[in-house]
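Welcome, and take a moment to turn the structure around before reading on. The paragraphs below will walk you through it step by step.

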Amino acid sequence: MINVKDIMETITMIDEENLDIRTITMGISLLDCADGDQKRSCEKIYEKVCRKAEHLVKTGEEIEKTYGIPIINKRISVTPIAMILAASGGNPVEYAKTLEKIARTVGVNFIGGYSALVQKGFAAGDEALIRSIPEALSVTEHMCSSVNVGSTKTGINMDAVRLMGQIVRQSAEMTADRDCIGPAKLVVFCNAPEDNPFMAGAFHGAGEPDCVINVGVSGPGVVRAALAKLGPDHDLTEVADLIKRTAFKITRMGQLVGREASSRLGVPFGIVDLSLAPTPAVGDSVAHILEEMGLQTCGCHGTTAALALLNDAVKKGGVMASSHVGGLSGAFIPVSEDAGMIDAARSGALSIEKLEAMTAVCSVGLDMIVIPGDTSAEVISAIIADEAAIGMVNSKTTAVRVIPAIGKNVGEELEFGGLLGSGPVMRVNTVSPAGFIHRGGRIPAPLQSLKN
Amino acid sequence: MRAVISVIGKDMVGILAKISAKCAEVNANVVDVTQTILQDMFVMVMMIEISNLSCGFPELVDSLTREGTEMGLSVHVMHEDIFNSMHRI
């Protein structure tokens, strides 16, 4: 018989501490859907994805029922659409509409892969797709977009960085009537992983199998509750050990759900993303974990060190719990999706500069940050360049998802609703980096890339 | 295959009887039962065999959860694998 205390611990984690599986994401390759005729391409994509994902949502719901564990989102990621566009040409937005139609047909929460990988330069389809992103995001609701502009191996494509500053702004302008929701579904990456189950950055990489199940777990509330029980008198080694033990349990559940989904759907199991993904719900905040460690407010000095400890312990605990680890794997710090981060930003304790430092030691980057509506495209590009540089030099994934709040300034807020939450407009350093950004070209790959 | 039924709340007459009657209705054999008090709450944990259920597992989950709500108790029915994977290496 299983120990009653263990049973109660699991139930408490789920009922009171917001433990959940954040997402089951089905990755589907579209390489066999590319066709010289765009209309035919769209038809093939619709047919294949709907066929593969037909039972995804239902199976997710059955697993929720069987194990009593909430699975918040069911999602799909597909091959970067720029690759399909390279074969077909035509108006990229047609693909966006197709993806949106698929999301509605199969009932998933998000579909990701309106993406281009341009870390070294633009191939056929890439630039057209990137330029279409603002319109694509404005005519869809469930579709997410991402662009990889750099990597440790290739350096940073500064032409793409310059372009993405404009694209982020335009995406906000075109959805200004909907709280600028467009750029909330657009991520600019450095070192983008090809098996990431989390949105908005999920896409199905070219090296992936035809169809695969990836799982992202959540559970900041569980870690915070465990630390609260530990109390303030225990040293940081004990804190790290406790986080490891907790992360192990959370990840084992992800492994179980992934294995079960894979077997029920007859699709290979890819990876578990070892993540602490917050939600705006009270008690599900990464910032509150850091505060539980003894920081007055997230964002004060000491935050980077606390986050480094947390991120490392989550990985160490999770890695043994799962047979294959991948995706982004680490603690997330999206401001608008985390109640503690929102409060810290409102109070002024948390600044963009501090968040940038934090991204050097955690997954992923400057995420869900609302910036003033008059922030120039060059400043946004420069934010992207800084973040990509951190990723490139540290051989890690970094990303930027900032939302220019058109017509708003510091002190005001945007409300996205759902998992995306709401966020205060944060102050941005507006001293101009325009000369640097307009040079274009490539930042060469760092010495770290020469490992052979 | 086995599942764990946990009942949490205020102790009263007939909890065990009502839950086991529901199990018997759908051919779920009760393998083990323990009762304890945890943090002032009555906790009953019941292990049941679900290989030969006469209904689907989700229906059993719904029916027991409903029964619990009527008695003012919190009832969870979960496949044992979630506990095994979380608490055993």
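We begin with chain A as a whole, then turn to its domains, and end with its partner chain.

What you see is a predicted model, in which local features need pLDDT of at least 70 and side-chain atom pairs count only at pLDDT 80 or more, while totals for chains, interfaces and linings use all residues. Residues are numbered from 1 along each chain as its sequence is written, and chains are lettered from A and ligands numbered from 1 in the order in which they are written.

Chain A holds 15 helices and 15 strands; helices (H or I, at least four residues) and strands (E, at least two) are DSSP runs, numbered from the N terminus. Its C-alpha trace spans about 60 × 55 × 50 Å along the principal axes. The radius of gyration of chain A is 21 Å, which agrees with the value near 22 Å for a compact globule of 452 residues (taken over C-alpha atoms; the globule rule is 2.2 Å times the number of residues to the power 0.38). Of those 452 residues, 61% count as buried, meaning that 20 or more other C-beta atoms, placed from the backbone, lie within 10 Å of a residue's own.

Now look inside chain A. Its domain assignment gives domain 1 (27-190) and domain 2 (215-444), with bounds from an automatic or database assignment. The centres of these two domains, taken over C-alpha atoms, are 22 Å apart. Between them, 38 residues of domain 1 are in contact with 43 residues of domain 2 (C-beta atoms, placed from the backbone, within 7 Å). On the domain 1 side, H7(A) gives the largest share, eleven residues. That side divides into 22 nonpolar, eleven polar and five charged residues; Ala, Val, Leu, Ile, Met, Phe, Trp, Tyr, Cys and Pro count as nonpolar, Asp, Glu, Lys and Arg as charged, and the others, Gly among them, as polar.

H7(A) deserves a second look. This helix of 17 residues reaches 24 Å from its first C-alpha to its last, close to the 24 Å expected at 1.5 Å a residue (1.5 Å times one less than its number of residues). H7(A) is largely enclosed by the rest of the structure, because 14 of its 17 residues are buried.

Finally, how does chain B meet chain A? Here 23 residues of chain B are in contact with 19 residues of chain A. H3(B) gives the most to the chain B side, with six residues. That side divides into 13 nonpolar, seven polar and three charged residues.

Technical notes: Contact = placed C-beta atoms within 7 Å. Buried ≥ 20, exposed ≤ 12 C-beta atoms within 10 Å, placed from the backbone.
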